[in-house]
Amino acid sequence: MKILLRTLFLVCIVLAGTSAAKAQTTPDPGLPGPLAVTKAQYNMGDLAATLPHFPTPVEIRGSVHYPTSMSAGPYPVLFFLHGRHSTCYNTSTLAASSAWPCPAGRLPIVSYEGYDYQARQMASHGFIVISISCNAINAGDASLSDAGMYARGELVQYHMRLWDTINTTGHAPFGTLFVGKLDMQNIGTMGHSRGGEGVVFNSLHNDSLGKPFGIKAVITLAPVDFRRRVLTKIPLLNIAPYCDGDVSNIQGVRFYDDARYRDATDEAPKYSVLMMGANHNFYNTVWTPGSYIAGTSDDWTYAGSSTSAHCGMSSASSKRLDSTKQKAAYNAYASAFFRMFMKKETQFEPILDVTDIHPPASSLLDTTQVFVSYHAGRTDRLDINRIDSVYNETVNNLGGTVTSSGLLASGICNGGLAMPSCGIATTTTQEPHKGSTTIKGVAQLNTRWDDTADYYENQVPVAYQDVRFVNAIQFRTALKYTECTPGQSLAFTVRLIDSAGAVSNEVTSDHSLVLFYPPGTTTNVLPKVLFNTLRIALDSFSGVNMAKIRKIRFAFNQSATGSILITDLAFINEKCGKFDATYGFTMGTGHNVLFKDTLTANTNDTLTWLWKFGEPSSGVNDTSTLHNPTHVYASPGTYTACLYIQIKRPNGRICADTICKTIPFHLGVGSEAADDIAIYPNPAKDQLTIAGADESDVLRLVNVYGQVVLEATLAQVTVKLPQHLANGIYYAIVTTAKGTVYKKLLIER
């Protein structure tokens with residue numbers, strides 16, 4: 001059995017013009033779990049709490065989904081926060097309005113129940129899920145300079161404190177039902193719309209308070225990003241719906257963009273999932289037409305019409321996701337994210353890190369409907385060219401020379417501040433990644449060609465040319481639609497050139513469909529330029545010396561003309577390579593087995609060993625952390641011994657491997673020798689007496705870790721024990737011409 005921790009497994013990819021070349025291979029995270037689920041409500045009142053950054057009292061109300069039994073607690077905890085929506089509806093006319101508390105004749109709109117579908121899903125997999133009502137803030141945030149961001153984050157923190165009390169001592173209305181059932185150091189949060197900005201601020205606020213709660217994962221769902229807060233050191237997943245008519249500039253991609261290089265020590269990965277036919281409201285059942293009594297809408301009509309190409313539900317060319325498919329898509333990707341980072345279910349990682357571009361079957365999507373951006377943590381990424389300054393036009397982040405040939409354009413643009421514009425659109429609604437004269441955006445390489453001999457190239461300095469332990473090369477890219485033929489996708493060749501001049505080529509369209517022409521024709525809204533990750537496994541390349549890759553060339557030989565934007569070129573995830581745990585063993589005399597690890601480590605690797613000898617009855621003796629230990633089995637038999645090796649690479653990457661072997665141990669103690677030799681006293685203090693041994697016989701003393709701590713020829717009957725030996729259990733083994741004598745011994749001083 002082989003385990004590679006956090007290693008990116010290779011999966012075959014799509015061909016151009018197809019939605020899937022091979023079937024889904026990654027386990028489906030969107031399938032219901034095995035646990036029965038119960039839902040309960042709590043309501044402390046419409047004006048139950050005050051918050052530091054909100055002028056009026058707010059309600060403390062929500063729902064909780066939990067495993068019905070809760071016998072295996074404590075469970076990881078999720079907090080959901082809905083966005084800005086109407087707060088009340090008229091019970092006679094069903095007209096929606098915004099006030100708090102709701103006036104007479106009106107009832108609250110229960111937006112917090114709109115995510116029950118995902119709460120049930122996660123609870124069935126062993127989570128406790130709390131969804132929070134935010135109506136008071138929605139009714140009163142219009143006059144606030146921060147649009148309610150602070151208050152939303154503080155409201156989440158209030159509910160965390162409340163549930164900490166419920167978990168510790170109990171609290172109405174649950175009594176002691178949840179005492180000890182919540183792991184408040186393993187929390188995930190999801191915020192929709194303005195709730196997205198709220199949960200980002202909540203994580204920063206929790207940090208400022210000394211991290212009383214352990215927030216391990218954050219999802220921003222079609223969020224706003226008014227205040228441009230940056231979250232680092234916590235895994236983040238942003239969901240970007242292409243047909244969002246409410247937050248039509250898809251500004252939530254900034255949570256991903258702004259965090260990429262903000263903290264040089266950040267190990268937390270960032271993800272952004274683009275859902276091509278999704279809108280803003282359909283993620284919440286209470287906001288979806290046909291799913292709730294009042295206040296529902298298809299928000300796309302706020303930005304365009306129902307007949308708009310691609311996004312209009314009644315358009316002949318509509319590619320909109322219906323509400324069922326949209327919720328299923330969110331459910332699948334959110335489940336993968338939370339389960340991976342809160343329950344360490346790393347089998348779902350390929351869905352998010354672009355190793356497997358096939359959507360989970362439960363998402364009901366194909367590869368033309370969803371695209372992922374992935375920014376690896378510090379030690380899982382080697383930046384080749386960040387393309388984040390004009391300096392990178394000629395020198396990359398490794399110090400290598402950047403060149404091009406024949407290109408009509410090859411400049412860096414759109415990063416905002418003093419950086420030039422790429423000249424695509426005048427509104428950020430169509431260019432969500434774009435900066436301005438006062439706001440930083442994503443710097444992009446503007447690349448345009450008109451000849452199949454044109455190319456863009458990054459040289460790799462000698463110190464970085466050995467890529468045998470690298471999984472993939474990746475970058476984010478998008479088609480520059482203003483300079484391309486409408487409706488036509490593009491492709492180019494990624495070429496590796498080694499120091500001897502050997503070449504290996506991979507065509508982008510064989511690995512991803514990200515260079516699609518962005519759909520839609522709504523004035524000032526569509527099409528949109530949205531970056532997505534294109535990843536090519538280095539194992540796809542052949543015929544070059546992977547220890548000496550000198551150049552990475554983007555050869556634009558797949559079309560006569562074209563124009564694309566590129567950013568974030570990197571090597572991804574140094575892998576374990578030929579790191580294989582293996583060992584041999586030899587039968588010693590008596591019950592003694594010698595184990596020898598035969599792994600050859602790479603230079604500067606740090607290794608640790610853990611042996612399990614397959615004899616649980618030996619207690620602490622059943623394990624050893626030595627490189628090459630000895631284990632003394634109590635009796636003959638067949639045992640399964642396992643070696644677990646962990647390796648730490650110089651860049652901090654950790655990998656592990658395991659191998660188990662059967663030990664057919666059938667040797668016993670020679671009866672004649674056993675009858676003739678006595679070993680005493682037991683317990684021993686300063687010396688041992690071995691009676692009946694010959695002068696040529698040998699005594700070995702083995703500690704509980706399998707290490708020989710004393711070896712002596714028995715020229716004398718009495719053997720002095722070294723003073724440095726600690727109190728504890730040892731094994732005295734005497735090897736004679738007639739056989740071997742074994743005795744468990746206690747040293748007690």
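In this predicted model, helix α3 passes helix α4 in a right-handed crossing. The two helices, spanning residues 149-168 and 194-208 respectively, pack at an angle of about 65 degrees, and their axes are 7 Å apart. On the α3 side, the contact is made by M149, Y150, R152, G153, E154, V156, Q157 and M160; facing them in α4 are R194, G195, E197, G198, F201, N202, H205 and N206. Sorted by character, the residues of this contact come out as seven polar, five nonpolar and four charged.

Turning to the cysteines, a search of the whole structure picks up three disulfides. One of them ties C88 to C102, with 2.0 Å between the sulfur atoms. The torsion about this S-S bond is -95 degrees, making the link of C88 and C102 left-handed. Distant parts of the chain are brought together here: C88 sits in strand β4 (residues 88-90), while C102, 14 residues apart from it, belongs to the loop between β5 (96-97) and β6 (106-108). C88 has a relative accessible area of 0% and is buried. C102 comes in at 18% relative accessibility, which still counts as buried because the cut-off for that label is under 20%.

Another disulfide joins C243 to C311, again with an S to S distance of 2.0 Å. This one is left-handed too, because the torsion about the S-S bond of C243 and C311 is about -75 degrees. The pair spans 68 residues and connects two loops: C243 lies in the one between β10 (236-241) and α5 (253-259), and C311 in the one between α6 (300-303) and α7 (323-342). Both ends are tucked away, with a relative accessible area of 0% for C243 and likewise 0% for C311.

That leaves the bond between C413 and C422, whose sulfur atoms are 1.9 Å apart. Here the handedness is right-handed, with 90 degrees about the S-S bond. C413 and C422 are both buried. C134, by contrast, is in no disulfide, and the nearest cysteine sulfur, that of C88, is 13 Å away. At 1% relative accessibility, this unpaired C134 is buried. What about C484? Its sulfur has C422 as the closest cysteine sulfur, but the 13 Å between them is too far for a bond, since a disulfide needs the two sulfur atoms within 2.5 Å. C484 is buried as well, at 14% relative accessibility.

As for the nonpolar interior, the largest core has 64 residues, and the members that touch the most others are I473, L538 and F554. Strands β15 (409-413), β16 (444-449), β18 (470-479), β19 (493-498), β21 (532-537), β22 (549-555) and β23 (562-574) each give two or more residues to this core. I473 offers a good view of the surroundings: setting aside neighbours within four places in sequence, I473 is in contact with I384, L534, R535, I536, L538, F541, I552, L569, A570 and F571. Apart from the largest core lies another, made of 49 residues and including Y89, V129, I351 and A376.

Note on methods. Residues are numbered from 1 along each chain as its sequence is written. This is a predicted model: local features need pLDDT of at least 70, side-chain atom pairs count only at pLDDT 80 or more; totals for chains, interfaces and linings use all residues. Side-chain values use heavy atoms; hydrogens and water are left out. Axes are lines fitted to C-alpha atoms, for helices over the stretch in contact, and angles run from 0 to 180 degrees between N-to-C directions. Helices (H or I, at least four residues) and strands (E, at least two) are DSSP runs, numbered from the N terminus. A crossing is left-handed if the near helix is turned anticlockwise from the far one by less than a right angle, and right-handed if clockwise. Contact means heavy atoms within 4.5 Å. Ala, Val, Leu, Ile, Met, Phe, Trp, Tyr, Cys and Pro count as nonpolar, Asp, Glu, Lys and Arg as charged, and the others, Gly among them, as polar. Buried means under 20% relative accessible area, exposed over 50%, partly exposed in between (1.4 Å probe, protein chains only). A nonpolar core is a set of buried Ala, Val, Leu, Ile, Met, Phe, Trp, Tyr and Cys residues joined through side-chain atoms within 4.5 Å.
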